[in-house]
Amino acid sequence: MNTITKILIKGVAVGLIASYVKSLAEPPLQKIGEKKFPPKEDELKLRGADVTHQAENMPPAVLAKKVYSEITGKELSYNSTMKSMKIIHYTLGALIGVSYIFLTDKRKKFTAGEGIAAGTAVWALTHGSTVPALNLQGKVSEMPKSWWVWEFGSHLVFGVTMEQTRKVIDKLF
């Protein structure tokens, strides 16, 4: 198997597994965040602020609705929004996983902190900058404190999961 094929297979696997674990971590982290830092009612209405009760308001869902509306001139149904959101979430996770494997194959320093640095970088490049700039989420400065617990925390979980999965898969290849 050539190097590119290995990177693609490993990266997709790492990204999909990390995305799945991240999705499992978000609701309990939101509960912890809201217990420690109770949000105001209007804060939870911000785009991207409430993964547990307003999944249709999360950035991938907002993106899916915008694209569908631009293309068709119609509103995307709730069920189709939820399906589209998962497709976007896992596709992005797989792409990030491929990038991570490519980078870590070249330089092991990208595994810093057992994946914590990678999770921080992924958060910074998405929810910390690009996602709000594209108006898919509220401004970072306006998000409730509880959001930081689950959104930033789940990205740390994502990074650590990528690194631990990479280690396991490296033993297989």
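**Exercise 1. Decide whether Gly119 is buried or exposed in this predicted model, and place it relative to its surroundings.**

Solution. Begin with the accessible area: Gly119 has a relative accessible area of 0%, and since buried means under 20%, Gly119 is buried. Next, locate the residue in the secondary structure, where Gly119 belongs to helix H5. Then look for partners beyond four places in sequence, which turn out to be His155, Leu156 and Gly159. Finally, take the separation from Trp147, a residue 28 places away along the chain: the two C-alpha atoms are 16 Å apart.

**Exercise 2. Identify which residues have the most contacts inside the largest nonpolar core, and which elements give two or more residues to this core.**

Solution. The largest nonpolar core has 14 residues, and within it Met58, Met85, Trp147 and Trp150 have the most contacts. The elements that supply two or more residues to this core are H1, H4 and H7. Apart from it lies another core, of 12 residues, which includes Tyr100, Val122, Phe158 and Met162. To see the surroundings of one member of the largest core, take Trp147, which, when residues up to four places away in sequence are not counted, touches Gly48, Ala49, Trp123, His127, Gln137, Val140 and Phe152.

**Exercise 3. Compare the span of H4 with the expected one, and find what its buried residues pack against.**

Solution. With 29 residues, H4 reaches 42 Å from its first C-alpha to its last, which is close to the 42 Å expected at 1.5 Å a residue. Now consider burial along the helix: the buried residues of H4 include Met85, His89, Gly93, Ala94, Gly97, Val98 and Ile101. As a general point, an α-helix has 3.6 residues a turn, so residues three or four places apart point the same way. The buried residues of H4 pack against four helices, namely H1 (3–36), H3 (59–72), H5 and H7.

**Exercise 4. Work out how H1 crosses H4, and which residues meet there.**

Solution. The axes of H1 and H4 come within 6 Å of each other and cross at roughly 130°. That angle makes H1 oblique to H4. As for the hand, the crossing of H1 past H4 is right-handed. On the H1 side, the residues that meet H4 include Lys10, Gly11, Val14 and Gly15, while those of H4 include His89, Gly93, Gly97, Ile101 and Asp105.

**Exercise 5. Determine whether Lys10 counts as buried or exposed, and list its contacts.**

Solution. Lys10 is located in helix H1, and its relative accessibility is 8%, so Lys10 counts as buried. Once neighbours within four places in sequence are set aside, Lys10 is in contact with Ile101, Asp105, Ile169, Asp170 and Phe173.

**Exercise 6. Examine the phi angles of Glu114 and Asn135, and say where each residue lies.**

Solution. Start from the background: most residues other than glycine have a negative phi. Glu114 is not a glycine, yet its phi is positive, at about 60°; Asn135, likewise not a glycine, has a positive phi of about 65°. Glu114 lies in the loop between helix H4 (78–106) and helix H5 (116–125), whereas Asn135 is found in the loop between helix H6 (130–133) and helix H7 (145–172). Turning to accessibility, Glu114 has a relative accessible area of 39% and is partly exposed, and Asn135, at 41% relative accessibility, also counts as partly exposed.

Notes:
Residues numbered from 1 in each chain as written. Predicted model: local features only at pLDDT ≥ 70, side-chain atom pairs only at ≥ 80, totals over all residues. Heavy atoms only, no water. Buried < 20%, exposed > 50% of the residue type's maximum accessible area, 1.4 Å probe, protein only. Expected span 1.5 Å × (residues − 1). Contact = heavy atoms within 4.5 Å. Core = buried A, V, L, I, M, F, W, Y, C linked by side-chain atoms within 4.5 Å. Axes fitted to C-alpha atoms, helices over the stretch in contact; angles between N-to-C directions. Parallel < 35°, antiparallel > 145°, perpendicular 65-115°, else oblique. Left-handed = near helix turned anticlockwise from the far one by under 90°.
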